[in-house]
Amino acid sequence: MAMHVDRYERYWMWAATAMLVLFLAAIVITAVAGSAHPPSHVETIDPDRVTVEGEFTAPQPVTRPDGSVVVPIRAEMYVFRPEVIRVPAGTPVTFRVTSPDVLHGFQIVGTNVNITVAPGYVSEVTTTFRRPGDYLIVCNEYCGLAHHLMQGKVVVEEPR
Ligand SMILES: [Cu+2]
């Protein structure tokens, strides 16, 4: 014997199921189309030593033997160092970002790069810029009174 379900209850059951399918599809589509994925890199660092020793003291982009680029970045109140980052287009670029003070964000507008930068950790993300041009970096975690002034620039150059 089939269970009796009222007509409107049946409608709402289908509506709820359709929403679940829709939301799941939205997650899968944006993850695939926008290369969005949860961060997986865990690396710790002594935040008190960041400005004193190591790759973040006077950070500059480094080109690896295979042509890919590694960019160490110090996100601090209220600046990204280096302030202007020059990288080639069409080449994998790995950003390594850490903070000597408080929590910051590191978002490159118009790309899939958007990471949180916590003192004590090195956040890492790799991307390839397809089009040359200027890309704005913003801090999207409130970090203090001049948070809104905290920005940087990636200059993506035509590959040589
Ligand atoms: Cu900040």
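The legends below describe close-up views of a predicted model.

Local features are given only where pLDDT is at least 70, and side-chain atom pairs only at pLDDT 80 or more, while totals for chains, interfaces and linings use all residues. Residues are numbered from 1 along each chain as its sequence is written, and side-chain values use heavy atoms, with hydrogens and water left out.

**View 1. The whole chain, with one helix and ten strands.**
Helices (H or I, at least four residues) and strands (E, at least two) are DSSP runs, numbered from the N terminus. Along the sequence the pattern reads α-β-β-β-β-β-β-β-β-β-β. The C-alpha atoms fill a box of roughly 75 × 40 × 30 Å along the principal axes. The radius of gyration of the chain is 21 Å, whereas a compact globule of 160 residues would have one near 15 Å. That radius is taken over C-alpha atoms, and the globule rule is 2.2 Å times the number of residues to the power 0.38. Of the 160 residues, 33% count as buried. Buried means under 20% relative accessible area, exposed over 50%, and partly exposed in between (1.4 Å probe, protein chains only). The chain exposes about 10300 Å², with 60% of it supplied by carbon and sulfur atoms. Accessible areas come from the Shrake-Rupley method with a 1.4 Å probe; for residues, only the protein chains shown count as cover. Among contacts with a separation of 6 or more, 59% join residues 24 or more positions apart. Contact means heavy atoms within 4.5 Å.

**View 2. Helix H1, residues 7-33.**
H1 has 27 residues. From first C-alpha to last, H1 reaches 38 Å, close to the 39 Å expected at 1.5 Å a residue. The expected span is 1.5 Å times one less than the number of residues. Ser35 follows H1 and has a positive phi, near 50°.

**View 3. The copper ion and its protein donors.**
Four residues supply the donors: His104 through ND1, Cys139 through SG, Cys143 through SG and Met150 through SD. They lie 2.1 to 2.4 Å from the copper ion. Donors are N, O and S atoms within 2.8 Å of the metal (3.2 Å for Na, K and Ca); water is not among the atoms, so sites may look incomplete. The arrangement is tetrahedral because the four donor atoms subtend angles of 100 to 119°. Four donors count as tetrahedral if all angles lie between 85 and 135 degrees. The ideal angle for four tetrahedral donors is 109.5 degrees.

**View 4. The copper donors in the loop between E9 and E10.**
The donor spacing in sequence is H-x34-C-x3-C-x6-M. Cys139 and Met150 both lie in the loop between strand E9 (133-138) and strand E10 (151-157), so the pair ties together parts that are eleven residues apart in sequence. Cys139 is buried, at 7% relative accessible area. Met150 is also buried, at 2%. Ala146 sits in the loop between E9 and E10. Ala146 is buried at 17% relative accessibility. Its C-alpha atom is 39 Å from that of Asp66, 80 residues away along the chain.

**View 5. Met77 and two cis peptide bonds.**
Met77 is found in the loop between E2 and E3. Met77 is partly exposed, at 38% relative accessibility. Beyond its neighbours within four places in sequence, Met77 contacts Asp101, Val102 and two copper donors, His104 and Cys143. The C-alpha atoms of Met77 and Ser99 are 8.9 Å apart, with their positions 22 residues apart along the chain. The peptide bond from Met77 to Tyr78 is cis, with omega near 0°. Tyr78 belongs to the loop between strand E2 (69-76) and strand E3 (79-81). The bond from Arg81 to Pro82 is cis too, with omega near 0°. Pro82 belongs to the loop between E3 and strand E4 (84-88).

**View 6. Thr91, between E4 and E5.**
Thr91 is placed in the loop between E4 and strand E5 (92-98). Thr91 is buried, with a relative accessible area of 14%. Leaving out residues up to four places away in sequence, Thr91 touches Gly67, Ser68, Val69, Thr127, Thr128 and Phe129.

**View 7. His41, between H1 and E1.**
His41 lies in the loop between H1 and strand E1 (62-63). His41 is partly exposed, at 31% relative accessible area. Its contacts, not counting residues up to four places away, are Arg96, Val122 and Glu124. The C-alpha atoms of His41 and Glu124 are separated by 6.2 Å, although the residues are 83 apart along the chain.

Terms used: Tetrahedral: all angles 85-135°; square planar, octahedral: opposite > 155°, others 65-115°.
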